[in-house]
Amino acid sequence: MAAPMELSCWGGDWGLPSLHPESLTVMAYAKFSGAPLIVNTINNSWRAPKGDLPVLVSEDIVISQPAKILNFLRKQKYNADYDLSAKQGADTLAYIALLEEKLLPALLHTFWIEAENYCSVTKPWFASRIAFPLSLYLPGKMSREALNRILLTKGGPPLYSLTEVEAQIYRDAKECLNLLSKRLGTSQFFFGDTPTTLDAFVFGFLAPIYKVCFPRVHLQEHLKQLPNLCRFCDDILTCYFRLTVSGHSPAGQDTADANLQKLTQLVNKESNLIEKMDDNLRKSPQHPPRKLTTLKLAAGGEESSPMSRLSP
Amino acid sequence: FSLSTAAEPWPENAALYQQLKEEQILLSDNASSLAVQAFLQMCNLPIRVICRANAEYMSPSGKLPFIHVGNQVVSELGPIVQFVKAKGHSLSDGLDEVQKAEMKAYMELVNNMLLTAELYLQWCDDVTVEEITHPRYGSPYPWPLNRILSYQKQWEVRRKMKAIGWAGKTLEQVLEDVDQCCHALSQRLGTQPYFFNKQPTELDALVFGHLFTILTTQLITDELSEKVKNYSNLTAFCRRIEQQYFEGHEKDSSAIAARSSKRSLLR
């Protein structure tokens, strides 16, 4: 319980604390196990992301991959898997392997390779978080790495073109979602009533698919047909990530939260008024919402998006 | 797979192709091949094992093993399981949906951890590469082709390792991952005879293929097989499947022959 632990990771939008699946997994696990993490989201400053995110810094120890970060937290006695039987622990490993093999390629594809998604949403979002001139280079690099990974792991013969590979990975992803849905059934979390590591990983992978508004969304549509998975994501967001869209853990900064709440209420009132007055204007064709401007009003996440449609 | 697949019965001359057993085949390919053989034995489908030096190039996907049944060629365990299912034989029909999900998850775990660890050990650990892999992989070909082919394959595998993030791992970390995977498999197996109680499934075949190969292959050090030997229920599981499905078959007795040939692996 000695020094405070700081987590550097990508920030969030569209109601999520982070857009990056691995960052989201670590944040979710920290919430489930009660670990007091200070979350620093990468914003447009010169503390550029070195290497892979998320990164946990505790005293002098720097740990970078989600599995290692979770191991470290467990050693510090923040263990969300305390009540699991050995067999359930084994199941956790197996399902995480399933997620990484079947769902991750499609997730990477939706974010980084699908041309419309990448150009209109992913690249501007990430570029706005990174300082110039790294913002010109890093999103492209992440996209190339994603393509490389998909092609090397999935793209051998007999699949000879990128479209065939895409078809295969989306088929695998949809099958994986179906399997997860069957496994979850009607229970609240995967192993009963308390969330565990597996819930953190599933949440980390599913929530970006579920919440981020992309132009091309067939995976999201498939996910929306599995109501128990949607309910799972929403439950975790409301129970564990309430009012922490800006990334501060609720342990500290209560005044900041109170200010945020007041600001949210003001923004809500304003947006309601504007909605009432400008009904026709909203229905007419608009440019896609400029997510960059919503960041400065990032109090309410979704609530501010009607406002952004009208701002120049 | 089309309707014609289902219509034809399993022929007598179905063949499984792999690399040369004594001189050429490597740990990971041997494991995959044994897994397919075990699966077909469990389904009671006869198969001959044919060893060819160029088996890798004959395969439709570049991966081994592949089977030649009638006029169709199918490679890798996943598609082979589906192909056999289209012909009406299946080991996992008796499982319910949740169990099927579990089975698929565990098969991915084995592929993700055990197979990748085997590939890492063979192609990224310099000592093993020099002393075992390079000599074996190109052995049917004359110099300089043997060196060129094995360097090409090594470059390919190292690229893949880098893409999935395993390139930065040390050997100890890889062995630890193997240990974690075996621990999970051991916990899941418990005291049951097979992973899904009474009947073997493709998961049992896959796990048997990998674990048996690891246990009986002699590498530079014994660390890998020691990791598996730590779990007595896994070694008992391998022995049980070997006795039930591989002994008493005089044709090729792949498992037994494999065991005796492995002593000559370290050359």
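The following paragraphs look at two histidines and one helix in a predicted model.

Beginning in chain A, H109(A) lies within helix 3, which spans residues 86–113. With a relative accessibility of 2%, H109(A) counts as buried, because the limit for that class is set at under 20% relative accessible area. Apart from neighbours within four places in sequence, the residues in contact with H109(A) are E114(A), I150(A), E166(A), I169(A) and Y170(A). For E166(A) there is also a polar contact, in which its side chain and that of H109(A) come to 3.2 Å. Y170(A) is separated from H109(A) by 61 residues in sequence, while the C-alpha atoms of H109(A) and Y170(A) are 9.1 Å apart in space.

The second histidine, H89(B), is placed in a loop of chain B, between helix 4 (77–86) and helix 5 (97–123). Its relative accessible area is 28%, so H89(B) is classed as partly exposed, a class that lies between the 20% and 50% limits. If residues up to four places away in sequence are not counted, H89(B) touches C43(B), L45(B) and V84(B). N197(B) stands 108 residues from H89(B) along the chain, and their C-alpha atoms are separated by 19 Å.

Helix 5, which bounds the loop of H89(B) on one side, appears again around helix 6 of chain B, where the cover over the buried residues includes helix 3 (55–58), helix 5 and helix 7 (145–164). Helix 6 itself runs over residues 126–137, and its buried residues are T128(B), V129(B), I132(B), T133(B), H134(B), R136(B) and Y137(B). In general, an α-helix has 3.6 residues a turn, so residues three or four places apart point the same way.

Note on methods
Residues numbered from 1 in each chain as written. Chains lettered and ligands numbered in written order. Predicted model: local features only at pLDDT ≥ 70, side-chain atom pairs only at ≥ 80, totals over all residues. Heavy atoms only, no water. Helix = DSSP H or I, 4+ residues; strand = E, 2+ residues; numbered from the N terminus. Buried < 20%, exposed > 50% of the residue type's maximum accessible area, 1.4 Å probe, protein only. Contact = heavy atoms within 4.5 Å. Polar contact = N/O pair within 3.5 Å; in protein donor to acceptor, adjacent residues only side chain to side chain.
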